[in-house]
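Biologist: Could you take one part of this model, look at it closely, and then place it within the whole for a first-year student? Please proceed step by step.

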Number of protein chains: 2
Amino acid sequence: MRVTKRNGEVEEFDTSKVENSLRNSGVSEKTIETVINKILEKNYDLISTDRLYRLIYKLVKKYENKYAASIYSLKQSIMSLGPDGYAFEDFIAKILIQQGTLVETRQVYESMTIPHELDVVGSDFFIECKYHNSGGITTSIKDVLYSHARFLDLVEAGRKRKSNNFKQLWIATNTKFSDDCLKYADYWDIKMISWKHKGKDSLSYIVDKFHYYPVTLLPSVSKRTFSLLSKNNILLITEVIKVSDSLLRKIGLNNDEVRRIREDCDKIIKASEVIQK
Amino acid sequence: MRVTKRNGEVEEFDTSKVENSLRNSGVSEKTIETVINKILEKNYDLISTDRLYRLIYKLVKKYENKYAASIYSLKQSIMSLGPDGYAFEDFIAKILIQQGTLVETRQVYESMTIPHELDVVGSDFFIECKYHNSGGITTSIKDVLYSHARFLDLVEAGRKRKSNNFKQLWIATNTKFSDDCLKYADYWDIKMISWKHKGKDSLSYIVDKFHYYPVTLLPSVSKRTFSLLSKNNILLITEVIKVSDSLLRKIGLNNDEVRRIREDCDKIIKASEVIQK
(Lines give C-alpha, C1' and ligand atoms only; values in the text may rest on other atoms or scores of the structure.)
Protein backbone atom coordinates (compact mmCIF):
# COMPACT_ATOMS: atom_id res chain seq x y z
CA MET A 1 0.00 0.00 0.00
CA ARG A 2 1.38 3.38 -1.03
CA VAL A 3 0.69 6.85 0.34
CA THR A 4 0.56 10.12 -1.65
CA LYS A 5 2.24 12.99 0.17
CA ARG A 6 1.08 16.62 -0.04
CA ASN A 7 3.87 17.48 -2.48
CA GLY A 8 2.73 14.71 -4.82
CA GLU A 9 5.50 12.28 -3.89
CA VAL A 10 4.45 8.66 -3.46
CA GLU A 11 5.98 6.44 -0.78
CA GLU A 12 5.37 3.03 0.75
CA PHE A 13 3.01 3.15 3.76
CA ASP A 14 5.27 3.07 6.81
CA THR A 15 3.37 1.33 9.61
CA SER A 16 6.08 2.08 12.17
CA LYS A 17 5.55 5.86 11.76
CA VAL A 18 1.84 5.50 12.54
CA GLU A 19 2.54 3.12 15.41
CA ASN A 20 4.96 5.60 17.01
CA SER A 21 2.61 8.48 16.51
CA LEU A 22 -0.27 6.55 18.11
CA ARG A 23 1.95 5.36 20.95
CA ASN A 24 2.95 9.01 21.58
CA SER A 25 -0.75 9.80 21.85
CA GLY A 26 -1.32 7.21 24.56
CA VAL A 27 -3.17 4.70 22.37
CA SER A 28 -2.99 1.11 23.67
CA GLU A 29 -0.99 -1.53 21.82
CA LYS A 30 -4.19 -3.47 21.20
CA THR A 31 -5.86 -0.52 19.45
CA ILE A 32 -2.68 0.27 17.50
CA GLU A 33 -2.72 -3.29 16.13
CA THR A 34 -6.43 -3.04 15.29
CA VAL A 35 -5.98 0.32 13.51
CA ILE A 36 -3.02 -0.86 11.43
CA ASN A 37 -4.78 -4.09 10.49
CA LYS A 38 -7.99 -2.29 9.48
CA ILE A 39 -5.99 0.00 7.18
CA LEU A 40 -3.88 -2.73 5.62
CA GLU A 41 -7.01 -4.91 5.11
CA LYS A 42 -8.70 -2.25 3.00
CA ASN A 43 -5.47 -1.55 1.04
CA TYR A 44 -6.13 2.16 0.37
CA ASP A 45 -3.46 2.36 -2.33
CA LEU A 46 -2.24 5.93 -3.10
CA ILE A 47 -4.34 7.39 -0.27
CA SER A 48 -3.43 11.00 0.58
CA THR A 49 -1.68 11.62 3.90
CA ASP A 50 -4.60 13.91 4.87
CA ARG A 51 -7.22 11.23 4.28
CA LEU A 52 -5.08 8.62 5.99
CA TYR A 53 -4.77 10.87 9.02
CA ARG A 54 -8.56 11.38 9.24
CA LEU A 55 -9.14 7.66 8.85
CA ILE A 56 -6.75 6.82 11.70
CA TYR A 57 -8.34 9.53 13.84
CA LYS A 58 -11.77 7.93 13.37
CA LEU A 59 -10.48 4.42 14.10
CA VAL A 60 -8.77 5.56 17.32
CA LYS A 61 -11.98 7.31 18.39
CA LYS A 62 -13.91 4.10 17.76
CA TYR A 63 -11.54 1.45 19.19
CA GLU A 64 -9.79 3.47 21.94
CA ASN A 65 -11.67 6.63 22.96
CA LYS A 66 -12.17 10.21 21.80
CA TYR A 67 -9.53 11.60 24.15
CA ALA A 68 -6.68 9.51 22.75
CA ALA A 69 -7.95 10.54 19.30
CA SER A 70 -7.76 14.19 20.41
CA ILE A 71 -4.16 13.81 21.51
CA TYR A 72 -3.43 12.13 18.19
CA SER A 73 -4.90 15.23 16.49
CA LEU A 74 -2.54 17.59 18.35
CA LYS A 75 -1.20 19.17 15.16
CA GLN A 76 -4.76 19.84 14.04
CA SER A 77 -5.63 21.42 17.38
CA ILE A 78 -2.72 23.86 17.03
CA MET A 79 -3.99 24.75 13.55
CA SER A 80 -7.28 25.62 15.21
CA LEU A 81 -5.59 28.42 17.19
CA GLY A 82 -7.01 30.84 14.61
CA PRO A 83 -8.45 32.72 12.92
CA ASP A 84 -5.56 35.24 13.19
CA GLY A 85 -2.02 34.56 14.44
CA TYR A 86 -2.34 36.03 17.95
CA ALA A 87 -3.28 32.82 19.78
CA PHE A 88 -0.34 31.00 18.17
CA GLU A 89 2.00 33.78 19.33
CA ASP A 90 0.56 33.48 22.83
CA PHE A 91 0.89 29.71 22.64
CA ILE A 92 4.58 29.94 21.71
CA ALA A 93 5.14 32.49 24.49
CA LYS A 94 3.42 30.26 27.05
CA ILE A 95 5.57 27.28 26.07
CA LEU A 96 8.72 29.35 26.59
CA ILE A 97 7.50 30.69 29.91
CA GLN A 98 6.66 27.15 31.06
CA GLN A 99 10.22 26.19 30.12
CA GLY A 100 11.57 29.01 32.26
CA THR A 101 12.35 31.63 29.60
CA LEU A 102 10.86 35.04 30.25
CA VAL A 103 9.13 36.46 27.16
CA GLU A 104 6.48 39.04 26.29
CA THR A 105 4.17 39.13 23.29
CA ARG A 106 3.57 41.89 20.75
CA GLN A 107 6.14 44.43 21.85
CA VAL A 108 7.06 47.46 19.75
CA TYR A 109 10.77 48.22 19.31
CA GLU A 110 12.12 51.24 17.44
CA SER A 111 14.95 50.85 14.96
CA MET A 112 16.93 53.91 13.81
CA THR A 113 14.00 54.79 11.54
CA ILE A 114 10.80 52.81 12.04
CA PRO A 115 8.89 50.86 14.69
CA HIS A 116 8.71 47.05 14.53
CA GLU A 117 6.01 45.13 16.38
CA LEU A 118 7.60 41.86 17.44
CA ASP A 119 5.49 38.76 18.11
CA VAL A 120 7.38 37.25 21.07
CA VAL A 121 10.32 39.00 22.75
CA GLY A 122 12.94 37.56 25.09
CA SER A 123 15.93 39.26 26.73
CA ASP A 124 18.32 38.88 23.79
CA PHE A 125 16.20 37.35 21.05
CA PHE A 126 12.79 37.73 19.49
CA ILE A 127 10.52 35.28 17.73
CA GLU A 128 8.59 35.92 14.55
CA CYS A 129 5.60 33.58 14.44
CA LYS A 130 4.10 32.31 11.19
CA TYR A 131 0.75 30.74 11.87
CA HIS A 132 -1.05 28.85 9.08
CA ASN A 133 -4.52 27.33 9.39
CA SER A 134 -3.75 24.50 6.99
CA GLY A 135 -0.94 21.95 6.99
CA GLY A 136 -0.51 22.43 3.25
CA ILE A 137 0.94 25.93 3.70
CA THR A 138 4.71 26.03 3.94
CA THR A 139 6.41 29.09 5.43
CA SER A 140 8.40 30.55 2.55
CA ILE A 141 11.76 32.26 2.16
CA LYS A 142 10.01 35.61 1.66
CA ASP A 143 8.79 35.55 5.27
CA VAL A 144 12.22 34.57 6.54
CA LEU A 145 14.00 37.32 4.58
CA TYR A 146 11.48 39.89 5.80
CA SER A 147 11.99 38.85 9.41
CA HIS A 148 15.75 38.81 9.01
CA ALA A 149 15.78 42.40 7.69
CA ARG A 150 13.74 43.47 10.73
CA PHE A 151 16.25 41.73 12.98
CA LEU A 152 19.23 43.40 11.28
CA ASP A 153 17.49 46.76 11.45
CA LEU A 154 17.01 46.33 15.19
CA VAL A 155 20.55 45.04 15.76
CA GLU A 156 21.75 48.31 14.17
CA ALA A 157 19.65 50.28 16.67
CA GLY A 158 20.95 48.11 19.49
CA ARG A 159 24.50 48.88 18.45
CA LYS A 160 24.01 52.62 17.92
CA ARG A 161 21.47 53.48 20.58
CA LYS A 162 21.60 50.55 23.02
CA SER A 163 17.82 50.41 22.65
CA ASN A 164 17.81 46.60 22.61
CA ASN A 165 20.10 43.66 23.16
CA PHE A 166 19.00 41.33 20.37
CA LYS A 167 21.54 38.66 19.50
CA GLN A 168 19.43 36.13 17.66
CA LEU A 169 16.29 35.85 15.58
CA TRP A 170 13.95 32.90 16.01
CA ILE A 171 11.19 32.03 13.59
CA ALA A 172 8.41 29.68 14.65
CA THR A 173 5.75 28.13 12.48
CA ASN A 174 3.07 25.52 13.16
CA THR A 175 3.59 23.93 9.74
CA LYS A 176 6.92 23.60 7.93
CA PHE A 177 9.65 25.66 6.29
CA SER A 178 10.78 25.37 2.70
CA ASP A 179 14.27 23.93 2.19
CA ASP A 180 15.51 27.40 1.17
CA CYS A 181 14.37 28.78 4.53
CA LEU A 182 16.36 26.17 6.42
CA LYS A 183 19.51 26.65 4.33
CA TYR A 184 19.33 30.43 4.69
CA ALA A 185 18.63 30.24 8.44
CA ASP A 186 21.48 27.82 8.99
CA TYR A 187 23.94 30.24 7.37
CA TRP A 188 22.65 33.32 9.18
CA ASP A 189 22.23 31.57 12.54
CA ILE A 190 18.47 32.00 12.75
CA LYS A 191 16.79 29.51 15.08
CA MET A 192 13.94 27.78 13.28
CA ILE A 193 11.07 26.07 15.08
CA SER A 194 8.51 24.15 13.07
CA TRP A 195 6.24 21.20 13.62
CA LYS A 196 8.89 18.59 12.84
CA HIS A 197 12.17 20.56 12.60
CA LYS A 198 14.46 19.57 14.30
CA GLY A 199 14.36 16.60 16.68
CA LYS A 200 14.10 17.85 20.26
CA ASP A 201 13.75 21.46 19.06
CA SER A 202 10.61 20.68 17.10
CA LEU A 203 7.25 21.97 18.23
CA SER A 204 5.72 18.50 18.06
CA TYR A 205 8.42 17.07 20.32
CA ILE A 206 8.15 19.81 22.93
CA VAL A 207 4.36 19.90 23.01
CA ASP A 208 4.15 16.10 23.11
CA LYS A 209 6.81 15.65 25.76
CA PHE A 210 5.64 18.34 28.16
CA HIS A 211 1.94 18.01 27.38
CA TYR A 212 1.51 21.66 26.45
CA TYR A 213 -1.90 20.85 25.08
CA PRO A 214 -3.93 23.77 23.75
CA VAL A 215 -7.58 24.07 24.78
CA THR A 216 -8.53 23.38 21.15
CA LEU A 217 -7.62 19.76 21.90
CA LEU A 218 -10.69 19.41 24.14
CA PRO A 219 -13.59 17.83 22.22
CA SER A 220 -16.17 20.12 23.83
CA VAL A 221 -14.33 23.36 22.98
CA SER A 222 -16.26 24.95 20.11
CA LYS A 223 -15.06 27.98 18.17
CA ARG A 224 -17.22 30.10 20.48
CA THR A 225 -15.70 28.62 23.64
CA PHE A 226 -12.19 28.92 22.21
CA SER A 227 -12.78 32.56 21.39
CA LEU A 228 -13.96 33.26 24.97
CA LEU A 229 -11.01 31.40 26.50
CA SER A 230 -8.31 32.88 24.26
CA LYS A 231 -9.63 36.41 24.73
CA ASN A 232 -9.03 35.84 28.42
CA ASN A 233 -5.56 34.45 27.88
CA ILE A 234 -6.50 30.86 28.74
CA LEU A 235 -4.83 28.76 26.06
CA LEU A 236 -3.44 25.63 27.69
CA ILE A 237 -5.36 22.84 29.31
CA THR A 238 -3.22 23.30 32.42
CA GLU A 239 -4.51 26.88 32.56
CA VAL A 240 -8.15 25.79 32.39
CA ILE A 241 -7.50 23.47 35.32
CA LYS A 242 -6.14 26.33 37.42
CA VAL A 243 -9.11 28.70 37.04
CA SER A 244 -12.35 28.42 38.99
CA ASP A 245 -15.77 27.52 37.61
CA SER A 246 -17.02 30.96 38.52
CA LEU A 247 -14.30 32.60 36.40
CA LEU A 248 -15.19 30.38 33.42
CA ARG A 249 -18.83 31.44 33.86
CA LYS A 250 -17.81 35.06 34.22
CA ILE A 251 -16.01 35.07 30.86
CA GLY A 252 -19.12 33.68 29.15
CA LEU A 253 -19.25 29.88 29.39
CA ASN A 254 -22.62 28.47 30.48
CA ASN A 255 -23.04 25.79 33.17
CA ASP A 256 -23.14 22.98 30.66
CA GLU A 257 -20.00 24.19 28.91
CA VAL A 258 -18.17 24.45 32.22
CA ARG A 259 -19.22 20.92 33.18
CA ARG A 260 -18.13 19.49 29.83
CA ILE A 261 -14.79 21.32 29.74
CA ARG A 262 -13.99 19.99 33.24
CA GLU A 263 -14.82 16.46 32.17
CA ASP A 264 -12.72 16.83 28.99
CA CYS A 265 -9.73 18.10 30.95
CA ASP A 266 -9.87 15.18 33.38
CA LYS A 267 -10.17 12.64 30.58
CA ILE A 268 -7.41 14.17 28.43
CA ILE A 269 -5.08 14.21 31.41
CA LYS A 270 -5.91 10.63 32.22
CA ALA A 271 -5.38 9.65 28.56
CA SER A 272 -2.05 11.48 28.49
CA GLU A 273 -0.83 9.88 31.71
CA VAL A 274 -0.51 6.50 30.04
CA ILE A 275 1.88 7.97 27.45
CA GLN A 276 5.35 6.61 28.09
CA LYS A 277 7.96 9.33 28.21
CA MET B 1 -14.60 73.28 -4.25
CA ARG B 2 -12.87 70.57 -2.22
CA VAL B 3 -11.31 67.29 -3.29
CA THR B 4 -11.25 64.01 -1.33
CA LYS B 5 -7.93 62.20 -1.58
CA ARG B 6 -7.53 58.42 -1.61
CA ASN B 7 -6.48 58.39 2.04
CA GLY B 8 -9.66 60.24 3.01
CA GLU B 9 -7.99 63.63 3.47
CA VAL B 10 -9.90 66.61 2.12
CA GLU B 11 -8.12 69.55 0.47
CA GLU B 12 -9.03 72.62 -1.55
CA PHE B 13 -9.10 71.96 -5.32
CA ASP B 14 -5.77 73.24 -6.62
CA THR B 15 -6.29 74.42 -10.20
CA SER B 16 -2.58 75.07 -10.74
CA LYS B 17 -1.79 71.35 -10.21
CA VAL B 18 -4.26 70.35 -12.92
CA GLU B 19 -3.05 73.14 -15.21
CA ASN B 20 0.57 71.97 -14.89
CA SER B 21 -0.38 68.38 -15.43
CA LEU B 22 -2.38 69.26 -18.57
CA ARG B 23 0.39 71.51 -19.84
CA ASN B 24 2.85 68.61 -19.38
CA SER B 25 0.53 66.53 -21.53
CA GLY B 26 0.61 69.01 -24.41
CA VAL B 27 -2.92 70.33 -23.91
CA SER B 28 -3.43 73.85 -25.33
CA GLU B 29 -3.93 76.83 -23.02
CA LYS B 30 -7.41 77.30 -24.48
CA THR B 31 -8.50 73.77 -23.59
CA ILE B 32 -6.90 74.04 -20.17
CA GLU B 33 -9.03 77.11 -19.48
CA THR B 34 -12.15 75.39 -20.76
CA VAL B 35 -11.55 72.27 -18.65
CA ILE B 36 -10.90 74.24 -15.46
CA ASN B 37 -13.96 76.43 -16.04
CA LYS B 38 -16.21 73.45 -16.73
CA ILE B 39 -15.11 71.84 -13.47
CA LEU B 40 -15.43 74.96 -11.35
CA GLU B 41 -18.85 75.73 -12.88
CA LYS B 42 -20.29 72.40 -11.74
CA ASN B 43 -18.69 72.74 -8.29
CA TYR B 44 -18.16 69.03 -7.64
CA ASP B 45 -17.55 69.54 -3.93
CA LEU B 46 -15.72 66.66 -2.18
CA ILE B 47 -15.19 64.81 -5.47
CA SER B 48 -12.67 61.95 -5.25
CA THR B 49 -9.33 62.43 -6.98
CA ASP B 50 -10.08 59.35 -9.10
CA ARG B 51 -13.40 60.72 -10.36
CA LEU B 52 -11.86 64.13 -10.92
CA TYR B 53 -9.12 62.53 -13.00
CA ARG B 54 -11.63 60.65 -15.17
CA LEU B 55 -13.67 63.81 -15.62
CA ILE B 56 -10.65 65.81 -16.78
CA TYR B 57 -9.63 62.97 -19.09
CA LYS B 58 -13.06 63.09 -20.76
CA LEU B 59 -13.01 66.89 -21.09
CA VAL B 60 -9.54 66.84 -22.68
CA LYS B 61 -10.67 64.15 -25.11
CA LYS B 62 -13.68 66.30 -26.03
CA TYR B 63 -12.14 69.77 -26.23
CA GLU B 64 -8.58 68.91 -27.34
CA ASN B 65 -8.21 65.40 -28.80
CA LYS B 66 -7.88 61.80 -27.70
CA TYR B 67 -4.10 61.82 -28.02
CA ALA B 68 -3.52 64.63 -25.56
CA ALA B 69 -5.96 62.80 -23.27
CA SER B 70 -3.84 59.66 -23.64
CA ILE B 71 -0.70 61.50 -22.64
CA TYR B 72 -2.61 62.93 -19.68
CA SER B 73 -3.45 59.31 -18.71
CA LEU B 74 0.22 58.27 -18.67
CA LYS B 75 0.08 56.96 -15.10
CA GLN B 76 -2.92 54.85 -16.04
CA SER B 77 -1.15 53.47 -19.10
CA ILE B 78 1.73 52.30 -16.93
CA MET B 79 -0.77 50.60 -14.63
CA SER B 80 -1.99 48.74 -17.71
CA LEU B 81 1.41 47.05 -18.06
CA GLY B 82 -0.12 43.96 -16.43
CA PRO B 83 -1.42 41.49 -15.60
CA ASP B 84 1.84 40.32 -13.96
CA GLY B 85 4.89 42.42 -13.14
CA TYR B 86 7.12 41.36 -16.05
CA ALA B 87 6.21 44.16 -18.45
CA PHE B 88 6.84 46.76 -15.74
CA GLU B 89 10.28 45.23 -15.08
CA ASP B 90 11.00 45.36 -18.82
CA PHE B 91 9.71 48.95 -18.94
CA ILE B 92 12.06 50.02 -16.13
CA ALA B 93 14.96 48.22 -17.82
CA LYS B 94 14.23 49.91 -21.13
CA ILE B 95 14.18 53.35 -19.50
CA LEU B 96 17.60 52.70 -17.97
CA ILE B 97 19.00 51.38 -21.24
CA GLN B 98 17.66 54.44 -23.07
CA GLN B 99 19.45 56.55 -20.47
CA GLY B 100 22.69 54.72 -21.16
CA THR B 101 22.81 52.31 -18.22
CA LEU B 102 23.32 48.69 -19.17
CA VAL B 103 20.89 46.37 -17.37
CA GLU B 104 19.40 42.91 -17.79
CA THR B 105 16.07 41.60 -16.54
CA ARG B 106 15.28 38.54 -14.43
CA GLN B 107 18.77 37.29 -13.66
CA VAL B 108 19.46 34.63 -11.05
CA TYR B 109 22.28 35.27 -8.58
CA GLU B 110 23.40 32.81 -5.94
CA SER B 111 24.03 33.94 -2.38
CA MET B 112 26.04 31.73 0.00
CA THR B 113 22.96 29.54 0.39
CA ILE B 114 20.07 30.22 -1.99
CA PRO B 115 19.34 31.59 -5.48
CA HIS B 116 17.70 35.01 -5.88
CA GLU B 117 15.95 35.97 -9.11
CA LEU B 118 16.49 39.70 -9.52
CA ASP B 119 14.10 41.83 -11.59
CA VAL B 120 16.55 44.26 -13.18
CA VAL B 121 20.32 43.98 -12.77
CA GLY B 122 23.03 46.56 -13.46
CA SER B 123 26.79 46.31 -12.97
CA ASP B 124 26.84 47.25 -9.29
CA PHE B 125 23.18 47.52 -8.36
CA PHE B 126 19.92 45.70 -8.87
CA ILE B 127 16.34 46.89 -8.94
CA GLU B 128 13.40 45.20 -7.29
CA CYS B 129 10.21 46.21 -9.10
CA LYS B 130 6.84 46.43 -7.37
CA TYR B 131 4.10 46.68 -9.93
CA HIS B 132 0.53 47.41 -8.84
CA ASN B 133 -2.47 47.53 -11.16
CA SER B 134 -4.29 50.15 -9.09
CA GLY B 135 -3.16 53.53 -7.85
CA GLY B 136 -4.68 52.83 -4.45
CA ILE B 137 -2.04 50.22 -3.62
CA THR B 138 0.98 51.56 -1.76
CA THR B 139 4.20 49.57 -1.71
CA SER B 140 4.68 48.63 1.93
CA ILE B 141 7.63 48.27 4.29
CA LYS B 142 7.31 44.48 4.15
CA ASP B 143 8.35 44.50 0.47
CA VAL B 144 11.24 46.86 1.19
CA LEU B 145 12.53 44.77 4.09
CA TYR B 146 12.28 41.61 2.02
CA SER B 147 14.25 43.19 -0.84
CA HIS B 148 16.83 44.60 1.55
CA ALA B 149 17.49 41.16 3.08
CA ARG B 150 18.03 39.76 -0.42
CA PHE B 151 20.47 42.57 -1.13
CA LEU B 152 22.41 41.97 2.11
CA ASP B 153 22.47 38.23 1.43
CA LEU B 154 23.99 38.89 -2.00
CA VAL B 155 26.46 41.47 -0.68
CA GLU B 156 27.71 38.75 1.66
CA ALA B 157 28.24 36.42 -1.32
CA GLY B 158 29.94 39.25 -3.21
CA ARG B 159 32.34 39.75 -0.30
CA LYS B 160 33.10 36.08 0.30
CA ARG B 161 32.96 34.63 -3.19
CA LYS B 162 33.30 37.66 -5.48
CA SER B 163 30.21 36.33 -7.26
CA ASN B 164 28.74 39.82 -7.69
CA ASN B 165 29.64 43.44 -7.23
CA PHE B 166 26.41 44.85 -5.80
CA LYS B 167 26.83 48.16 -4.00
CA GLN B 168 23.28 49.47 -3.93
CA LEU B 169 19.69 48.30 -3.95
CA TRP B 170 17.06 50.18 -5.92
CA ILE B 171 13.34 49.64 -5.53
CA ALA B 172 10.95 50.87 -8.20
CA THR B 173 7.18 51.04 -8.02
CA ASN B 174 4.57 52.50 -10.35
CA THR B 175 2.48 53.76 -7.43
CA LYS B 176 3.88 55.09 -4.16
CA PHE B 177 5.82 54.05 -1.07
CA SER B 178 4.58 54.33 2.49
CA ASP B 179 6.38 56.89 4.66
CA ASP B 180 8.06 54.06 6.58
CA CYS B 181 9.56 52.75 3.34
CA LEU B 182 11.10 56.12 2.56
CA LYS B 183 12.49 56.62 6.06
CA TYR B 184 13.97 53.13 6.10
CA ALA B 185 15.42 53.49 2.58
CA ASP B 186 16.95 56.85 3.41
CA TYR B 187 18.81 55.38 6.38
CA TRP B 188 20.01 52.26 4.52
CA ASP B 189 20.87 54.10 1.31
CA ILE B 190 18.33 52.33 -0.87
CA LYS B 191 17.39 54.26 -4.00
CA MET B 192 13.63 54.56 -4.28
CA ILE B 193 11.81 55.25 -7.53
CA SER B 194 8.08 55.81 -7.49
CA TRP B 195 5.56 57.73 -9.53
CA LYS B 196 6.14 61.02 -7.73
CA HIS B 197 9.20 60.44 -5.52
CA LYS B 198 11.50 62.43 -5.81
CA GLY B 199 11.60 65.38 -8.20
CA LYS B 200 13.81 64.55 -11.15
CA ASP B 201 14.26 60.96 -9.91
CA SER B 202 10.54 60.27 -10.10
CA LEU B 203 9.14 57.94 -12.72
CA SER B 204 6.58 60.55 -13.82
CA TYR B 205 9.30 63.14 -14.39
CA ILE B 206 11.57 60.80 -16.38
CA VAL B 207 8.79 59.29 -18.49
CA ASP B 208 7.28 62.72 -19.14
CA LYS B 209 10.52 64.45 -19.95
CA PHE B 210 12.00 61.82 -22.25
CA HIS B 211 8.66 60.65 -23.68
CA TYR B 212 9.22 57.03 -22.69
CA TYR B 213 5.62 56.32 -23.50
CA PRO B 214 4.48 52.72 -23.14
CA VAL B 215 2.42 51.18 -25.96
CA THR B 216 -0.54 51.03 -23.57
CA LEU B 217 -0.80 54.79 -24.12
CA LEU B 218 -2.01 54.21 -27.69
CA PRO B 219 -5.82 54.35 -27.88
CA SER B 220 -6.00 51.44 -30.36
CA VAL B 221 -3.87 49.08 -28.27
CA SER B 222 -6.29 46.55 -26.75
CA LYS B 223 -5.31 43.99 -24.12
CA ARG B 224 -4.86 41.49 -26.95
CA THR B 225 -2.55 43.79 -28.93
CA PHE B 226 -0.59 44.68 -25.79
CA SER B 227 -0.10 41.02 -24.99
CA LEU B 228 1.24 40.35 -28.52
CA LEU B 229 3.58 43.34 -28.40
CA SER B 230 4.93 42.76 -24.90
CA LYS B 231 5.51 39.05 -25.58
CA ASN B 232 7.78 40.23 -28.40
CA ASN B 233 9.54 42.76 -26.22
CA ILE B 234 7.95 45.82 -27.85
CA LEU B 235 6.94 48.05 -24.98
CA LEU B 236 7.70 51.64 -25.93
CA ILE B 237 6.08 53.68 -28.67
CA THR B 238 9.57 54.41 -30.03
CA GLU B 239 10.04 50.66 -30.42
CA VAL B 240 6.81 50.27 -32.39
CA ILE B 241 8.03 52.95 -34.75
CA LYS B 242 11.26 51.11 -35.39
CA VAL B 243 9.73 47.75 -36.38
CA SER B 244 8.27 47.01 -39.81
CA ASP B 245 4.61 46.39 -40.67
CA SER B 246 5.47 42.85 -41.67
CA LEU B 247 6.96 42.15 -38.24
CA LEU B 248 3.84 43.50 -36.55
CA ARG B 249 1.75 41.20 -38.75
CA LYS B 250 4.08 38.28 -38.06
CA ILE B 251 3.58 38.59 -34.29
CA GLY B 252 -0.20 38.48 -34.77
CA LEU B 253 -1.60 41.97 -35.48
CA ASN B 254 -4.04 42.11 -38.39
CA ASN B 255 -3.88 44.73 -41.17
CA ASP B 256 -6.41 46.98 -39.50
CA GLU B 257 -4.56 46.86 -36.16
CA VAL B 258 -1.28 47.70 -37.89
CA ARG B 259 -2.87 50.66 -39.68
CA ARG B 260 -4.43 51.99 -36.48
CA ILE B 261 -1.28 51.54 -34.36
CA ARG B 262 0.72 53.48 -36.98
CA GLU B 263 -1.82 56.31 -36.98
CA ASP B 264 -1.85 56.36 -33.17
CA CYS B 265 1.94 56.54 -32.99
CA ASP B 266 2.06 59.46 -35.42
CA LYS B 267 -0.65 61.36 -33.57
CA ILE B 268 0.81 60.75 -30.12
CA ILE B 269 4.21 61.93 -31.27
CA LYS B 270 2.67 65.01 -32.85
CA ALA B 271 0.70 65.69 -29.66
CA SER B 272 3.83 65.26 -27.55
CA GLU B 273 5.92 67.55 -29.75
CA VAL B 274 3.95 70.58 -28.59
CA ILE B 275 4.87 69.84 -24.96
CA GLN B 276 7.30 72.47 -23.73
CA LYS B 277 10.33 70.97 -22.10
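**A strand and its surroundings**

Modeller: In β6(B), F126(B) is the bridge partner of V121(B). The model in which this pair appears is a predicted one, with an ipTM of 0.89 and a pTM of 0.91.

Let us stay with this strand. β6 of chain B covers residues 125-130, and five of its six residues are buried, so that the strand is mostly covered. On one hand it pairs with β5 (residues 115-121) of chain B, in the antiparallel sense and over two bridges. The connection between β5(B) and β6(B) is a hairpin of three residues. On the other hand, β6(B) pairs with β8 (residues 168-173) of chain B in the parallel sense, here over six bridges. In that second pairing F125(B) faces Q168(B) of β8(B). Thus β6(B) takes part in an antiparallel pairing with β5(B) and a parallel pairing with β8(B). Both arrangements are allowed, because strands of a sheet pair through backbone hydrogen bonds, either parallel or antiparallel.

Another sheet of chain B shows the two senses again. It is an open sheet of three strands, with the order β2-β1-β3 and mixed pairing. The strands β2 (10-12) and β3 (47-48) of chain B stand at the edges with a single partner strand each, and therefore one side of each has no neighbour in the sheet. Between β1 (residues 2-4) of chain B and β3(B) the pairing is parallel, over two bridges. There T4(B) is placed opposite S48(B), a residue of β3(B).

Chain A also has an open sheet of three strands in the order β2-β1-β3, with mixed pairing. In chain A, β2 (10-12) and β3 (47-48) are the edge strands; each has a single partner strand, so one side of each is left without a neighbour in the sheet. Here the antiparallel part may be described: β1 (residues 2-4) of chain A and β2(A) pair over three bridges in that sense. V3(A) stands opposite E11(A) of β2(A).

How are the two chains related? Chain B can be laid on chain A by a turn of 180° and a shift of 0.0 Å along the axis, with an RMSD of 0.0 Å. This is therefore the relation of a two-fold axis. Of the residues of chain B, Y146(B) comes closest to the rotation axis, its C-alpha being at 2.1 Å. The same surface serves both copies, since 100% of the contact residues of chain B recur in chain A.

The contact itself takes 15 residues from chain B and 15 residues from chain A. On the side of chain B that touches chain A, α7 (141-161) and α8 (179-187) of chain B each supply at least two residues. Of the elements there, α7(B) gives the most, with eight residues. By class, this side of chain B has nine nonpolar, two polar and four charged residues.

Finally, some remarks on chain A as a whole. Its mean pLDDT is 94, and 99% of its residues reach 70 or more. Chain A is divided into domain 1 (2-72), domain 2 (86-209) and domain 3 (213-273). The C-alpha centres of domain 1 and domain 2 of chain A are 32 Å apart.

Notes. Residues numbered from 1 in each chain as written. Chains lettered and ligands numbered in written order. Predicted model: local features only at pLDDT ≥ 70, side-chain atom pairs only at ≥ 80, totals over all residues. Pairing = 2+ DSSP bridges. Helix = DSSP H or I, 4+ residues; strand = E, 2+ residues; numbered from the N terminus. Contact = placed C-beta atoms within 7 Å. Nonpolar A, V, L, I, M, F, W, Y, C, P; charged D, E, K, R; others polar. pLDDT = per-residue confidence, 0-100. Domains from an automatic or database assignment. Least-squares fit on C-alpha atoms with pLDDT ≥ 70 in both. Buried ≥ 20, exposed ≤ 12 C-beta atoms within 10 Å, placed from the backbone.
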